[in-house]
Amino acid sequence: MTAPVTVGPLTPPPAVRAEGLTKTHRSGGGHEVTVFAGLNCRIEPGERVAILGASGAGKSSLLHLLGGLDRPTSGAVFYGSQDLYAQASDQLAAFRRRHAAFVWQMNSLLPEFSAEENVLMPLLIRGTPHAEASRLAADLLSQVGLAARRTHKPGELSGGEQQRVALARALVGSPSVLLADEPTGNLDFQTAAAVAGLLADLARDRGFTTIIVTHDQAFAASCDRVLQLEKGGFR
Ligand SMILES: Nc1ncnc2c1ncn2[C@@H]1O[C@H](COP(=O)(O)OP(=O)(O)OP(=O)(O)O)[C@@H](O)[C@H]1O
Ligand SMILES: [Mg+2]
């Protein structure tokens with residue numbers, strides 16, 4: 001389904017490890033919710049792992065922590081030997097930009113920009129020269145089957161096409177780890193299966209590690225492993 005690979009992660013992706021991971025959310029009213037406590041897991045380089053669990057089980061909270069987007073109440077997340085949260089915020093942000101990329105349920109594309117401009121954006125922010133960035137963006141858009149749609153704005157694309165652009169944008173910087181929170185949650189069954197298949201093809205071709213939160217049992221079953229989050233821990 002995908003074109004031959006032109007770029008992959010610059011180095012083999014690191015294993016992602018959680019050690020004693022605990023998250024307590026504190027709300028404005030002083031109310032505390034401990035979503036999970038003492039979680040341990042290890043995700044191997046290049047592995048595709050699905051996180052399943054009921055609504056409110058803490059899947060998004062866990063994904064944010066595994067992606068370096070939040071700070072744990074206690075415990076640690078390692079990418080290889082790097083302890084993510086031992087870093088100051090600006091170092092963590094730079095590390096995250098280099099190694100992690102995200103796809104969300106609701107498309108987060110910039111509506112005023114074309115598909116190609118959306119995919120280019122992370123590279124331009126990172127200082128990649130425009131010609132090189134354009135080449136990489138065009139490559140990625142053709143790998144997700146949207147070469148003919150590159151000048152379209154998000155509003156001119158279907159939901160499935162928008163998620164393909166979001167995938168291209170996430171992968172254009174060759175991240176080590178792709179984290180996705182219900183990436184097919186807004187799509188019909190057939191479109192969801194196509195996006196899930198594309199994600200698997202790209203992961204196989206490019207070698208990145210994938211961590212996917214999903215309610216879709218078929219999508220989860222197609223992954224290498226399922227982590228089931230329940231009552232504050234893995235079942
Ligand atoms: N910023 C926050 N402040 C306070 N409580 C929060 C915050 N974020 C999440 N929570 C609470 O933590 C629990 C887990 O939320 P989380 O969003 O991780 O669940 P989820 O498994 O992703 O659910 P869903 O499937 O509905 O997306 C919920 O009870 C939620 O209300
Ligand atoms: Mg969630």
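**Exercises on two sheets, one helix and a ligand**

In this predicted model, Arg17 has Phe78 in β4 as its bridge partner.

**Exercise 1.** Starting from that pair, work out which strands form the antiparallel sheet of four strands, and in what order.

*Solution.* Begin with the strands that meet at Arg17 and Phe78: β1 and β4 run antiparallel and are joined by five bridges. Next, follow Phe78 to its other side, where its bridge partner in β5 is Asp83, and note that β4 and β5 are likewise antiparallel, with two bridges between them. The hairpin made by β4 and β5 has two residues between the strands, and in this hairpin Gly80 adopts a positive phi near 60°. Then turn to the pairing of β1 (residues 16-26) with β2, which is antiparallel and extends over eight bridges; within it, Thr24 has Thr34 of β2 as its bridge partner. Put together, these pairings give an open sheet in the order β2-β1-β4-β5. The edges are β2 (32-43) and β5 (82-83), and because each has a single partner strand, one side of each remains without a neighbour in the sheet.

**Exercise 2.** Describe the order and pairing of the sheet of six strands, and state which strands stand at its edges.

*Solution.* Write down the order, which is β6-β7-β8-β3-β9-β10 in an open sheet, and note that the pairing is mixed. Read off the two ends: β6 (100-103) and β10 (233-234) each have a single partner strand, so one side of each is left without a neighbour in the sheet. Finally, examine the pairing at the β10 end, where β9 (residues 225-230) and β10 are antiparallel over two bridges, with Glu230 standing opposite Gly233 in β10.

**Exercise 3.** Determine which strands α1 touches in the sheet of β7, and which strands α1 lies across besides.

*Solution.* Take the sheet that contains β7: α1 packs on it and touches β3 (48-52), β7 (177-181), β8 (209-213), β9 and β10, while the direction of α1 makes about 160° with that of β7. Then consider the sheet that contains β1, where α1 lies across β1, β2 and β4 (74-79) and runs at about 125° to β1. The helix α1 is therefore in contact with strands of both sheets, as the two lists of strands show.

**Exercise 4.** Characterise the surroundings of ligand 1, from the residues of its shell to the polar contacts and the buried area.

*Solution.* First list the shell, which consists of His25, Val35, Ala54, Ser55, Gly56, Ala57, Gly58, Lys59, Ser60, Ser61, Glu182 and His215. Sort these residues by type, and the shell comprises three nonpolar, seven polar and two charged residues. Ask next which element contributes the most: it is helix α1 (residues 59-66), with three residues. Then look at the oxygen atoms of ligand 1, one of which is 2.5 Å from a side-chain N or O atom of Ser55, while a backbone N or O atom of Gly56 is 2.8 Å from an oxygen atom of the ligand and a polar side-chain atom of Ser60 is 2.9 Å from an oxygen atom of the ligand. Last, consider the accessible area: ligand 1 taken alone exposes 640 Å², of which the protein buries 60%.

Methods
Residues numbered from 1 in each chain as written. Chains lettered and ligands numbered in written order. Predicted model: local features only at pLDDT ≥ 70, side-chain atom pairs only at ≥ 80, totals over all residues. Heavy atoms only, no water. Near = heavy atom within 4 Å. Polar contact = N/O pair within 3.5 Å; in protein donor to acceptor, adjacent residues only side chain to side chain. Areas by Shrake-Rupley, 256 points an atom, 1.4 Å probe, with all protein chains shown as cover. Nonpolar A, V, L, I, M, F, W, Y, C, P; charged D, E, K, R; others polar. Pairing = 2+ DSSP bridges. Contact = heavy atoms within 4.5 Å. Axes fitted to C-alpha atoms, helices over the stretch in contact; angles between N-to-C directions.
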